[in-house]
Amino acid sequence: MPYSTITGIGHYVPENVVTNHDLTKVMETSDEWIRERSGIEERRYITRGKETTTSLAVEASLKAIADAGIDKDDIDFIIFATLSPDYYFPGAGVLLQRELGIAGTEIAALDIRAQCSGFVYGLATADNFIKAGTYKKILLVGAEVHSVGLDFTTRGRGVSVLFGDGAGAVIVEATEDKDKAVLATSMHSDGTYAEKLAYMYPGAHGGYFLEKYGIEDFDVDYDLENNEYGGVFWNQDMLDKARVFPHMEGQTVFKMAVKKFPEVIMETLAKAGMGIEDLDMLIPHQANLRINQFVQKLLRLPDEKVHNNIQKYGNTTAATIPICLNEAWQEGKVKKGDTVVLAAFGAGFTWAAAVIKWGKD
Ligand code: UT7
């Protein structure tokens with residue numbers, strides 16, 4: 001059975017830099033609050049109408065394809081992890097296939113809906129398809145455009161200051177060489193917490209789960225009788241009540257994240273027959289520098305074994321890990337033969353990790 005290995009990697013972030021000071025012009029917030037609570041100093045936003053989630057993914061993918069030294073027509077499967085697709089449907093995978101000019105290959109394109117854990121879920125999926133012998137050259141992308149869907153009034157400041165736009169991509173190929181392979185992956189979820197970090201409107205639920213689980217303050221008026229065939233998925237009241245924005249109970253997310261990160265890291269290292277002492281570099285999801293510092297301390301890892309870049313990009317959800325991994329490699333912090341651990345936690349809740357032997361010079 002072959003192993004899978006990352007043969008190419010690339011990332012792309014839009015040119016527009018938005019600093020914490022810039023955000024103070026549109027809402028009541030401060031550079032101090034954002035830095036202290038999250039570590040973020042600036043983030044990137046797309047140029048509206050000119051860039052999209054898919055277009056960021058194209059840039060990252062082309063770099064990964066070039067880095068792998070393959071022809072884009074040789075890609076036999078696309079996995080696209082995002083919570084901010086350009087269309088509600090079809091998924092971003094088929095748009096990426098078209099924009100890369102490889103729609104004629106008719107290869108399958110799969111969208112992954114696992115939010116912050118999407119890239120690691122995608123890597124686990126790619127790894128298993130490679131091991132099964134189904135595919136040989138998989139393009140895996142994590143890309144997000146948050147900046148067009150956030151509440152930039154003071155009401156939304158608890159969420160909007162945290163997120164940024166960006167994309168990262170890898171090419172995953174088969175190898176017989178265990179010294180450059182994905183050694184183990186783990187994926188988990190607990191839907192009990194679905195609404196603790198969620199974008200609930202528009203949607204098909206019609207208030208059902210909110211009533212069932214006693215979730216207050218997110219009500220929307222549904223005129224069900226007069227709108228027998230419509231008005232549930234989307235209606236004017238969602239806009240009037242400003243429900244069409246992400247909602248997060250930050251402290252609940254924080255507490256679960258600092259519990260699940262160490263658990264899934266240790267679980268996945270154990271699957272690979274390793275312990276924390278074997279880890280050369282931890283690439284954690286970039287949701288909050290404080291979460292990552294907490295986890296680092298708990299695992300007793302020195303600074304040189306953890307790479308963070310949330311300061312520059314904010315939380316780019318499914319894109320944080322490939323962007324962070326690529327930067328760490330480009331900066332020489334990840335070297336050939338290193339044991340690298342990728343770990344993520346986010347909405348769902350979902351969490352996941354991967355242990356890989358880095359195989360690139
Ligand atoms: O990738 C997805 C996973 N997401 C996460 O992992 C996020 C996890 N959670 C967090 O990172 C933190 O909970 C936050 C950074 C989101 C918030 O930090 P916190 O220390 O939990 O703050 P808080 O939500 O308890 O808010 C504290 C205060 C509140 O004011 P009062 O009620 O104490 O007067 C907020 O209204 O800070 C206020 N606040 C702000 N003030 C200035 C909230 N957002 C802002 C803001 N600027 N942007």
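**The ligand and its surroundings**

Of the 20 residues around the ligand, those that come nearest are Thr29, Cys116, Gln251, Asn288 and Asn315; near here means having a heavy atom within 4 Å of the ligand. Before I go on: this is a predicted model, where local features need pLDDT of at least 70 and side-chain atom pairs count only at pLDDT 80 or more, while totals for chains, interfaces and linings use all residues. Residues are numbered from 1 along each chain as its sequence is written, and side-chain values use heavy atoms, with hydrogens and water left out.

Next, the polar contacts, meaning pairs of N or O atoms within 3.5 Å. Asn315 has a side-chain N or O atom 2.7 Å from an oxygen atom of the ligand. For Arg37, a polar side-chain atom is 2.8 Å from a ligand oxygen atom. At Gly250 a polar backbone atom lies 2.9 Å from a nitrogen atom of the ligand. The ligand taken alone exposes 960 Å², and the protein buries 71% of that, by the Shrake-Rupley method with a 1.4 Å probe.

What supplies the shell? At least two residues each come from α2 (31–38), α6 (157–160) and α9 (250–271), with helices taken as DSSP runs of H or I, at least four residues long. The largest share, 4 residues, is from α9. By type, the shell has 10 nonpolar, 7 polar and 3 charged residues, with Gly counted as polar and Cys as nonpolar.

Last, the domains. The assignment, automatic or from a database, gives domain 1 (3–177) and domain 2 (200–244). Their centres, taken over C-alpha atoms, are 29 Å apart.

Definitions and conventions:
Polar contact = N/O pair within 3.5 Å; in protein donor to acceptor, adjacent residues only side chain to side chain.
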